[in-house]
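Biologist: I would like to learn how words such as axis, interface and salt bridge are justified for a structure. Could we take them in turn?

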6 protein chains.
Amino acid sequence: MSQLSHLDRDGQPRMVDVAAKPVTARSATAAASVYLNEEAFALAVEGVSAKGNVFAVARIAGIMAAKRTAELIPLCHPLPLSHVSVDFDTDAVERCIRIRATCHVSAQTGVEMEAMTAASVAALTIYDMCKAVDRTIRIADLRLIAKSGGRSGSFVAA
Amino acid sequence: MSQLSHLDRDGQPRMVDVAAKPVTARSATAAASVYLNEEAFALAVEGVSAKGNVFAVARIAGIMAAKRTAELIPLCHPLPLSHVSVDFDTDAVERCIRIRATCHVSAQTGVEMEAMTAASVAALTIYDMCKAVDRTIRIADLRLIAKSGGRSGSFVAA
Amino acid sequence: MSQLSHLDRDGQPRMVDVAAKPVTARSATAAASVYLNEEAFALAVEGVSAKGNVFAVARIAGIMAAKRTAELIPLCHPLPLSHVSVDFDTDAVERCIRIRATCHVSAQTGVEMEAMTAASVAALTIYDMCKAVDRTIRIADLRLIAKSGGRSGSFVAA
Amino acid sequence: MSQLSHLDRDGQPRMVDVAAKPVTARSATAAASVYLNEEAFALAVEGVSAKGNVFAVARIAGIMAAKRTAELIPLCHPLPLSHVSVDFDTDAVERCIRIRATCHVSAQTGVEMEAMTAASVAALTIYDMCKAVDRTIRIADLRLIAKSGGRSGSFVAA
Amino acid sequence: MSQLSHLDRDGQPRMVDVAAKPVTARSATAAASVYLNEEAFALAVEGVSAKGNVFAVARIAGIMAAKRTAELIPLCHPLPLSHVSVDFDTDAVERCIRIRATCHVSAQTGVEMEAMTAASVAALTIYDMCKAVDRTIRIADLRLIAKSGGRSGSFVAA
Amino acid sequence: MSQLSHLDRDGQPRMVDVAAKPVTARSATAAASVYLNEEAFALAVEGVSAKGNVFAVARIAGIMAAKRTAELIPLCHPLPLSHVSVDFDTDAVERCIRIRATCHVSAQTGVEMEAMTAASVAALTIYDMCKAVDRTIRIADLRLIAKSGGRSGSFVAA
């Protein structure tokens with residue numbers, strides 16, 4: 001059985017040594033979905049078409065959070081991100097806002113966690129801005145969509 | 001139709017004024033689920049029973065993240081948290097780790113976002129520690145379970 | 001001659017003890033102006049009318065910075081801000097964007113620095129977003145416009 | 001008409017991708033001026049000649065703020081700064097403290113924002129330390145003085 | 001045998017609930033000593049008498065660190081510090097710099113950790129500024145000197 | 001007599017320019033000791049053997065603090081750490097917990113301060129978790145154990 005790379009031989013956590021890995025161009029895209037009730041969905045989408053505010057705030061929150069990933073996730077390496085973007089789609093049938101966050105870096109380790117953190121904080125920000133009209137908001141499907149670069153090669157979610 | 005409280009009359013976001021609200025004891029519990037493949041689930045759970053490390057790291061990450069909620073979520077108020085806890089349950093049938101985060105505060109506004117952020121960062125930390133053996137980890141069901149205190153009264157998720 | 005309150009009797013800086021001061025409702029408004037060349041001003045204002053993006057980003061940056069004032073300004077007290085807003089006006093004659101930031105708190109000390117920091121970081125964010133088309137952007141007139149609450153009474157700039 | 005580089009084709013903000021740009025040695029110097037009333041100016045300058053405290057605190061605040069620029073300015077890239085300095089001059093005629101902040105880096109993007117942030121936070125710190133004796137302090141002329149390195153070449157303010 | 005208050009009944013760490021404790025005025029003073037070789041001690045002390053710089057930087061670092069204690073120490077509560085000071089004494093016989101850090105707060109829990117963190121970061125800053133001329137610097141005797149306020153009463157180190 | 005490298009020719013502190021130094025692989029190990037009374041030592045060690053909690057929390061705190069060294073120590077350069085580990089030993093005779101922290105980086109300057117900060121915050125965290133049963137805990141022997149890489153060559157403490 002393989003091992004969790006964040007634990008040493010005694011099972012103790014440490015920040016894995018990546019010094020011997022080559023610097024390569026790396027990219028990762030993560031997704032999340034925010035499910036809202038009718039009223040909250042209408043207000044959020046209206047916010048989008050009329051003034052862009054709910055999504056504008058969530059986008060900035062996600063981008064800024066990507067830059068602080070290594071402060072939040074204990075064993076993540078600090079990375080000199082070269083690009084972060086966060087985008088939104090709305091699905092009126094499911095009353096759902098879909099988030100995609102993409103990060104790029106030239107580094108010795110990947111940017112999955114930065115993309116996951118950006119998507120997560122963008123989702124939490126939508127939650128925060130809509131929670132006064134919907135206490136049942138649910139964030140789901142937070143996962144990696146694609147990554148490239150690094151020893152383990154490219155990945156695209158099924 | 002009601003309004004999103006984080007937007008002013010012109011639809012511009014601001015940090016809502018809570019100065020006139022009474023200070024009351026408030027509590028919130030949020031939940032999240034992390035779905036893993038067979039290998040990652042076994043390693044994480046073994047980590048639990050043998051050395052507690054995966055869950056120990058995720059617990060500390062969640063508690064520390066709760067304290068930084070107002071830095072991450074743009075329109076959240078800074079709150080003097082009086083209690084934070086993060087707990088884990090494992091579901092071998094679903095190969096899922098269930099997270100519950102609870103926050104308490106005496107303040108003029110609630111602690112939902114602190115509990116949601118703690119659960120979210122605990123989940124991301126599990127993701128980070130297991131991602132080397134499972135690229136398909138999925139975080140789901142991030143939502144409010146219960147809250148009490150404040151003008152809007154208590155809430156328990158259905 | 002009076003003394004700088006941040007220095008002790010030996011002239012050494014310390015965080016002034018405010019424990020004996022009463023908790024009162026306090027408010028402060030700060031202003032700043034950002035002067036742009038023709039091209040940058042047109043793009044920023046177009047950004048405003050069409051999509052709100054330059055100002056949306058600067059507003060969020062200013063609100064978030066207000067919450068981190070005590071981390072940036074060495075001798076500032078941490079304050080539980082109850083309200084922050086940042087607003088913009090454009091002056092086509094002067095090709096200038098005028099910023100106003102307002103903070104409220106119930107505390108033993110005032111919120112001037114939080115309002116000043118919010119206005120300053122909002123201005124720096126406009127600078128950042130427009131600097132590619134104008135290297136001569138100038139931030140000016142960063143000052144306190146009004147304050148209320150506390151022993152020293154209200155103040156309105158001349 | 002050119003475009004604001006922080007906005008994508010749809011006018012949405014994102015952290016611009018700098019991955020394809022070469023790493024070059026870059027430098028930037030920013031300036032700011034703090035105008036004080038007679039009493040505050042005398043105390044600040046006395047602080048300088050006798051014990052160095054006002055300027056010592058402001059210098060450290062500026063240097064530390066430079067390192068946190070990417071946390072404050074939403075679309076700034078995190079940069080591995082190789083040098084930061086902050087210096088002060090006093091102008092008794094204008095009753096003004098002039099600040100210069102210089103940053104160096106080897107990176108794919110420039111350090112203007114780091115220098116601007118350092119000058120800005122140094123100015124805010126002087127404001128904070130003198131505000132008890134002067135409510136009319138004004139920060140002005142915050143601007144780029146010089147930059148070098150990078151595709152767009154060198155710049156020296158007129 | 002008593003219990004570690006940061007662990008719950010199952011031995012899992014959490015941020016202890018202090019909501020039921022009364023708000024009282026609390027104070028704590030911590031100390032640390034930095035031992036230097038002859039050359040580093042002379043340079044640091046000369047720095048003191050001539051320009052105050054080593055101690056000025058260390059003092060500001062300690063004060064700022066006190067405000068970030070809850071970010072660094074996982075189970076510490078965020079506290080609205082009302083006062084922080086850091087002072088230095090030199091002992092030429094022992095070639096030692098002695099640091100004292102004092103914090104005050106009105107809160108439901110004490111400020112020992114804030115005082116300990118301020119003394120610790122002030123000591124690390126002296127280490128950083130002198131390490132180029134002395135690789136054998138040693139920080140010792142980091143401990144609580146006195147505390148007052150709270151249920152457990154006053155304490156003065158023997 | 002040599003000079004403190006953090007001070008310029010006028011004795012003013014600045015972040016030293018390391019741009020001309022080569023990027024080399026660097027490593028540093030720091031140590032600290034935490035002395036406890038009988039009850040606290042027994043509880044901490046029991047925590048270790050039974051549930052690992054005291055040391056698990058302190059390890060994570062130390063690793064996370066290493067990543068924030070440049071935020072805490074005013075004149076430290078931000079570094080892209082490639083590895084951080086924190087380990088513990090117990091000495092029942094001295095009733096002492098010994099901490100070792102190791103950091104690696106490929107950079108233009110060394111990682112002593114990161115290792116020292118990790119050891120220091122790990123020690124403070126043990127203090128925090130045990131202080132309810134022992135007010136006389138003492139942190140001592142915080143020092144550099146070894147370093148390698150960089151112009152000044154390797155160093156191993158006597």
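What follows is a conversation about how two of the chains, E and F, are related and how they meet.

Modeller: Please keep in mind that this is a predicted model, and that each value we discuss was computed from it.

Biologist: What makes the relation of chain E to chain F that of a two-fold axis?

Modeller: Two copies of a chain are related by a rotation about an axis and a shift along it. Here a rotation of 180° with 0.0 Å of shift along the axis places chain E on chain F, with an RMSD of 0.0 Å. That is the relation of a two-fold axis. The residue of chain E that comes closest to this axis is Ala140(E), whose C-alpha lies at 2.0 Å.

Biologist: How do you know that the copies meet through the same surface?

Modeller: Of the interface residues of chain E, 100% are also interface residues in chain F, so the two copies use the same surface. In this interface, 58 residues of chain E are in contact with 59 residues of chain F, and the area buried between the two chains is about 4800 Å², with carbon and sulfur atoms giving 66% of that area.

Biologist: Why is the pair Arg68(F) and Glu71(E) called a salt bridge?

Modeller: The rule asks for a side-chain nitrogen of Lys or Arg within 4 Å of a carboxyl oxygen of Asp or Glu. For Arg68(F) and Glu71(E) the distance from N to O is 2.6 Å, so the pair satisfies the cut-off of 4 Å. Between chain E and chain F the count is 4 salt bridges.

Biologist: Which elements give two or more residues to the side of chain E that touches chain F?

Modeller: They are helix 1 (38–51), helix 2 (53–66), helix 3 (69–72), helix 4 (112–130) and strand 4 (138–148) of chain E. The largest share, 12 residues, comes from helix 4 of chain E. By residue class, this side of chain E divides into 31 nonpolar, 14 polar and 13 charged.

Biologist: What makes strand 4 of chain E and strand 4 of chain F a pair?

Modeller: At least two bridges between the strands are needed, and these two strands have 4 bridges, running in the antiparallel sense, so they count as paired. Within this arrangement, Leu142(E) stands opposite Ile139(F) in strand 4 of chain F.

Biologist: How do you know that chain B and chain D are not joined by a contact?

Modeller: Contact would need heavy atoms within 4.5 Å, and no contact joins chain B and chain D, whose closest C-alpha atoms lie 10 Å apart.

Definitions and conventions: Residues are numbered from 1 along each chain as its sequence is written. Chains are lettered from A and ligands numbered from 1 in the order in which they are written. This is a predicted model: local features need pLDDT of at least 70, side-chain atom pairs count only at pLDDT 80 or more; totals for chains, interfaces and linings use all residues. Side-chain values use heavy atoms; hydrogens and water are left out. Copies are superposed by least squares on the C-alpha atoms of residues with pLDDT of at least 70 in both. Buried area is the accessible area (1.4 Å probe) that two parts lose on being put together, summed over both. Ala, Val, Leu, Ile, Met, Phe, Trp, Tyr, Cys and Pro count as nonpolar, Asp, Glu, Lys and Arg as charged, and the others, Gly among them, as polar.
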